[in-house]
Amino acid sequence: MLNVENKVVIITGASSGIGEATAKLLAKNGAKVVLGARRIDSHSERLRQRLETIAKEIHADGGIAEYQALDVTQRRSGKNPMSLTSYRTLGRSEQSK
């Protein structure tokens, strides 16, 4: 169905709903997924735990997943830190090519 095997895909809004479902579907089809959400810091422990749970579920199903904070409303100079982290651990994302 999907030709995503071994591709790194960054999913924004991955903590619930369409983002979560998309991440699981892509991982099931062989993509390496990076789960992103706006805030996963000490003030939002619940959200961090949610992303961690989703990543564990993907791993349990044989997929590859990581999670990290990502706020697409914040512009940063240079490379996106999330893209750099995913590159170091999972490989290049399609956007970074």
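# A predicted β-α-β-α-β-α chain

The mean pLDDT of this protein is 78, and 66% of its residues reach 70 or more, figures that belong to a predicted model. Confidence varies among the elements, with helix H3 (residues 81–89) having the lowest mean pLDDT, 54, and H1 the highest, 96. Where pLDDT is low, the predicted coordinates should not be read in detail. The paragraphs below therefore dwell on H1, which has the highest mean pLDDT of the elements, and on the parts that meet it, because low-confidence coordinates do not bear detailed reading.

In outline, the protein contains three helices and three strands, and along the sequence these follow the pattern β-α-β-α-β-α. Of its 97 residues, 34% count as buried, while the accessible surface comes to about 6,400 Å², of which 47% belongs to carbon and sulfur atoms. Among the contacts with a separation of 6 or more, those between residues 24 or more positions apart account for 63%.

The strands offer a convenient place to begin. S1 and S2 pair in the parallel sense over four bridges, and within this pairing Ile 11 stands opposite Leu 35 of S2. How many of the residues of S2 are buried? Six of its six residues are, and the strand is accordingly described as mostly covered. In a regular strand the side chains alternate between the two faces of the sheet. In S2 both faces are covered, with Lys 32, Val 34 and Gly 36 buried on one side and Val 33, Leu 35 and Ala 37 buried on the other.

Two of these strand residues reappear in the nonpolar interior. The largest nonpolar core has 15 residues, and those with the most contacts inside it are Leu 26, Val 33, Leu 35 and Ile 58. The elements that give two or more residues to this core are H1, strand S2 (32–37) and H2, and H2 gives the most, with four residues. In soluble globular proteins, nonpolar side chains tend to be buried together. The surroundings of Ile 58 illustrate how separate stretches of the chain meet: leaving aside neighbours within four places in sequence, Ile 58 is in contact with Ala 23, Lys 24, Ala 27, Val 33, Leu 35, Gly 63, Ile 64 and Ala 65.

Lys 24, one of the residues that Ile 58 contacts, also takes part in a salt bridge, with Glu 57 as its partner and 2.7 Å between the closest N and O atoms. Since Lys 24 lies in helix H1 and Glu 57 in helix H2 (residues 45–60), the pair ties together parts that are 33 residues apart in sequence. Neither partner falls below the 20% limit for burial: Lys 24 is partly exposed at 30% relative accessibility, and Glu 57 is partly exposed at 31%.

The count of salt bridges comes to six, and Arg 48 takes part in two that lie within H2. With Glu 45, the closest N and O atoms are 2.5 Å apart, and because the two residues are three places apart in helix H2, about one helical turn separates them. With Glu 52, the corresponding distance is 3.0 Å, and here a spacing of four residues in helix H2 again amounts to about one helical turn. Salt bridges that share partners also join Glu 20, Lys 24, Arg 50 and Glu 57 into one network. As for exposure, Arg 48 is partly exposed, with a relative accessible area of 22%, as are Glu 45 at 32% and Glu 52 at 23%.

Two members of that network also meet a residue outside the helices. Ser 15 is found in the loop between strand S1 (8–11) and H1, and it touches Glu 20, Leu 47, Arg 50, Leu 51 and Ile 54, not counting residues up to four places away in sequence. Is Ser 15 buried or exposed? With a relative accessibility of 17%, Ser 15 counts as buried, because the limit for burial is set at under 20%.

Leu 25 gives a further view of H1, the helix that spans residues 17–28 and contains it. At 37% relative accessibility, Leu 25 counts as partly exposed. Although Leu 25 and Gly 63 are 38 residues apart in sequence, their C-alpha atoms are 9.9 Å apart in space, and Gly 63 is itself among the residues in contact with Ile 58.

How values were computed
Residues are numbered from 1 along each chain as its sequence is written. This is a predicted model: local features need pLDDT of at least 70, side-chain atom pairs count only at pLDDT 80 or more; totals for chains, interfaces and linings use all residues. Side-chain values use heavy atoms; hydrogens and water are left out. Buried means under 20% relative accessible area, exposed over 50%, partly exposed in between (1.4 Å probe, protein chains only). Contact means heavy atoms within 4.5 Å. A salt bridge is a side-chain nitrogen of Lys or Arg within 4 Å of a carboxyl oxygen of Asp or Glu. A nonpolar core is a set of buried Ala, Val, Leu, Ile, Met, Phe, Trp, Tyr and Cys residues joined through side-chain atoms within 4.5 Å. pLDDT is the predictor's confidence in each residue, from 0 to 100. Accessible areas come from the Shrake-Rupley method with a 1.4 Å probe; for residues, only the protein chains shown count as cover. Two strands pair if DSSP finds at least two bridges between them.
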